Amino acid sequence: SLSMKFFLICLLAVLCAETIQTAEIFKKVKVTLGKKTCVCSFSLEANGAQCNGKAKCDKKCKGSGKVKMGIFSFILKVKKGKGAILKCKAETESVTSAPAKQEGESCGSCMCPPTFSAGECEEGLTCVHDPNIADAPGICTTVESTCNSEDP
C-alpha cells in the first residue's frame, strides 16, 4: 500500500541519516603559523575523539602551527597554500558528566543525535519509556508513581 511504502522510505531515510557524518566548514579563517598570519578555509569531520579534514590557504602561506577551531584541535602544515591537517583531535561530549534529570524531564536512549541519549535520571527516579513510541525518550518518574500507574 502507499502508506507502507511511505513508511519504509522514511525509515530508510532515518537510517541513512544516522550513518552520514557531516563535515563542519570554516571559511576564510585567520590562523597564525609561526610569525605568519594566513587566511584558510577548512572542512573538518569528527569520528569520535579523532578527526580528519582538508585545508586550503592563500597561495603565499607557508608554515606550521597548532590550531583550535570549535571542537577541533590540530597541527596545520601549509606549503604554497596547500594545507595538511595532522594530529587532529575532536572534543567529545561526555554523557556521564551531564547533570542528572529531574522528575518529568526526558531521559534514556532515543533517536536524538548526536549522543542518542536524553540523559540519566537522578537517584530515586526511573526512566519510563512509552512502548508505543520506540524512538522517543522516556520520562523520569518516581518509583511510587510508576507502581501506581500500573495498578488497575
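These legends go with several close-up views of a predicted model.

**View 1. The whole chain, from one end to the other.**
Start with the parts list: two helices and nine strands. Reading from the N terminus, the elements come in the order α-β-β-β-β-β-β-β-β-β-α. The chain has 152 residues, and 22% of them count as buried. Its accessible surface comes to about 11100 Å², with 58% of that belonging to carbon and sulfur atoms. What about links between parts of the chain that lie far apart in sequence? Among contacts with a separation of 6 or more, 34% are made by residues 24 or more positions apart.

**View 2. An open sheet of six strands.**
Which order do the strands take in the open sheet? Going across, you meet β1-β2-β3-β6-β5-β4, and the pairing is antiparallel. The edges belong to β1 (24–33) and β4, and each of these has a single partner strand, so one side of each is left without a neighbour in the sheet. From one strand to the next, the twist averages 30°. As a bit of background, strands of a sheet pair through backbone hydrogen bonds, either parallel or antiparallel.

**View 3. Strands β2 and β3, side by side.**
Here we zoom in on one pair from the sheet. Strand β2 covers residues 36–47 and strand β3 covers residues 50–57. The two run antiparallel and are joined by eight bridges. To find your place, look for A46, which stands opposite C51 in β3.

**View 4. The hairpin of β4 and β5.**
Strand β4 takes up residues 63–69, while strand β5 takes up residues 72–79. They pair in the antiparallel sense, with seven bridges between them. Which residue in β5 is the bridge partner of K66? That would be I75. At the turn, two residues sit between the strands, and G70 takes a positive phi near 60°.

**View 5. A salt bridge from a loop to strand β4.**
How many salt bridges does the count come to? Just one salt bridge turns up, and this is it: the side chains of E91 and K68 meet at 2.6 Å, N to O. E91 lies in the loop between β6 (82–90) and β7 (106–107), whereas K68 is in strand β4, so the pair ties together parts that are 23 residues apart in sequence. Are the two partners buried or exposed? E91 has 48% relative accessibility and counts as partly exposed. K68, with a relative accessible area of 53%, is exposed; the cut-off for exposed is over 50%, which is why the two get different labels.

**View 6. K89 and the residues around it.**
K89 is found in strand β6. With a relative accessible area of 41%, K89 is partly exposed. Which residues does K89 touch, leaving aside those up to four places away in sequence? The list runs A49, Q50, C51, I71, F72 and S73. You have already met C51 in View 3, as the residue opposite A46. F74 is worth finding here too: K89 and F74 are 15 residues apart in sequence, and their C-alpha atoms are 6.3 Å apart in space.

**View 7. T142, a buried residue in strand β9.**
The last stop is strand β9, residues 138–142, where T142 is found. T142 has a relative accessible area of 19%, and buried means under 20%, so T142 falls in that class. Not counting residues up to four places away in sequence, T142 touches E103, G124 and L125.

Key. Residues are numbered from 1 along each chain as its sequence is written. This is a predicted model: local features need pLDDT of at least 70, side-chain atom pairs count only at pLDDT 80 or more; totals for chains, interfaces and linings use all residues. Side-chain values use heavy atoms; hydrogens and water are left out. Two strands pair if DSSP finds at least two bridges between them. Helices (H or I, at least four residues) and strands (E, at least two) are DSSP runs, numbered from the N terminus. Axes are lines fitted to C-alpha atoms, for helices over the stretch in contact, and angles run from 0 to 180 degrees between N-to-C directions. A salt bridge is a side-chain nitrogen of Lys or Arg within 4 Å of a carboxyl oxygen of Asp or Glu. Buried means under 20% relative accessible area, exposed over 50%, partly exposed in between (1.4 Å probe, protein chains only). Contact means heavy atoms within 4.5 Å. Accessible areas come from the Shrake-Rupley method with a 1.4 Å probe; for residues, only the protein chains shown count as cover.
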